[in-house]
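Me: Please take me through this protein chain one step at a time. I am in my first year, so give each term its cut-offs.

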Amino acid sequence: MLRLLFTIILPFCILIVPIVLLYAYHKTTKAKNKKDFIVVTICCILIGLMTPILSMMISIYGFKMLDGTPDPYCLTGVGSFLIFGYLITFFGIPITCIILFPGKTTQG
């Protein structure tokens, strides 16, 4: 169970942190100010540039820690966290931003 946590679950949770932060900001502030929303989106993209590397390192650590050998066997699959992480960053965050972007408010 610990191997599954460190090699798959925790790295995936780290990959979706920028989208969760953007969604949480939108829900807590109701995102009425467009400039603030754009600044938060840019910060989420910058965080998204770092999270794939962090999730890959945690997955490698999980393999090393639980394998018991100093040089673990093939870690090619760990590179998929980079691919999926950058796909989430460059496609998921802008799509989420378009969906959540504050529209015009009407006074009535």
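Reply: Helices (H or I, at least four residues) and strands (E, at least two) are DSSP runs, numbered from the N terminus. The model is predicted: local features need pLDDT of at least 70 and side-chain atom pairs count only at pLDDT 80 or more, while totals for chains, interfaces and linings use all residues. Residues are numbered from 1 along each chain as its sequence is written, and side-chain values use heavy atoms, with hydrogens and water left out.

Me: How many helices and strands are there in the protein chain?
Reply: From the N terminus on, the elements run α-α-α-α. The count is zero strands and four helices.

Me: What percentage of the 108 residues is buried?
Reply: Buried means under 20% relative accessible area, exposed means over 50%, and partly exposed lies in between (1.4 Å probe, protein chains only). In the protein chain of 108 residues, the buried share is 31%.

Me: Which element gives the largest share of the largest nonpolar core?
Reply: A nonpolar core is a set of buried Ala, Val, Leu, Ile, Met, Phe, Trp, Tyr and Cys residues joined through side-chain atoms within 4.5 Å. The largest one has seven residues: Leu-22, Tyr-25, Phe-37, Cys-44, Ile-93, Cys-97 and Leu-100. Two or more residues each come from α2 (17-29), α3 (34-67) and α4 (80-100). The largest share, three residues, is given by α4.

Me: Does the end-to-end distance of α4 agree or disagree with its expected span?
Reply: The expected span of a helix is 1.5 Å times one less than its number of residues. For the 21 residues of α4 this comes to 30 Å, and the end C-alpha atoms are 28 Å apart, so the two agree.

Me: Where is the kink in α4 centred?
Reply: The bend at a residue is the angle between axes fitted to the seven residues ending there and the seven starting there. In α4 the kink is about 30°, and its centre is Ile-88.

Me: Why is Cys-44 not bonded to the closest cysteine sulfur?
Reply: A disulfide is a pair of cysteine sulfur atoms within 2.5 Å, and the structure holds zero of them. Cys-44 is buried, at 2% relative accessibility. The closest cysteine sulfur, in Cys-43, is too far for a bond because its distance from the sulfur of Cys-44 is 7.1 Å.

Me: Which residues does Ile-53 touch, not counting those up to four places away in sequence?
Reply: Ile-53 lies in helix α3 and is partly exposed, at 38% relative accessibility. Contact means heavy atoms within 4.5 Å. With residues up to four places away in sequence not counted, Ile-53 touches Leu-82 and Tyr-86.
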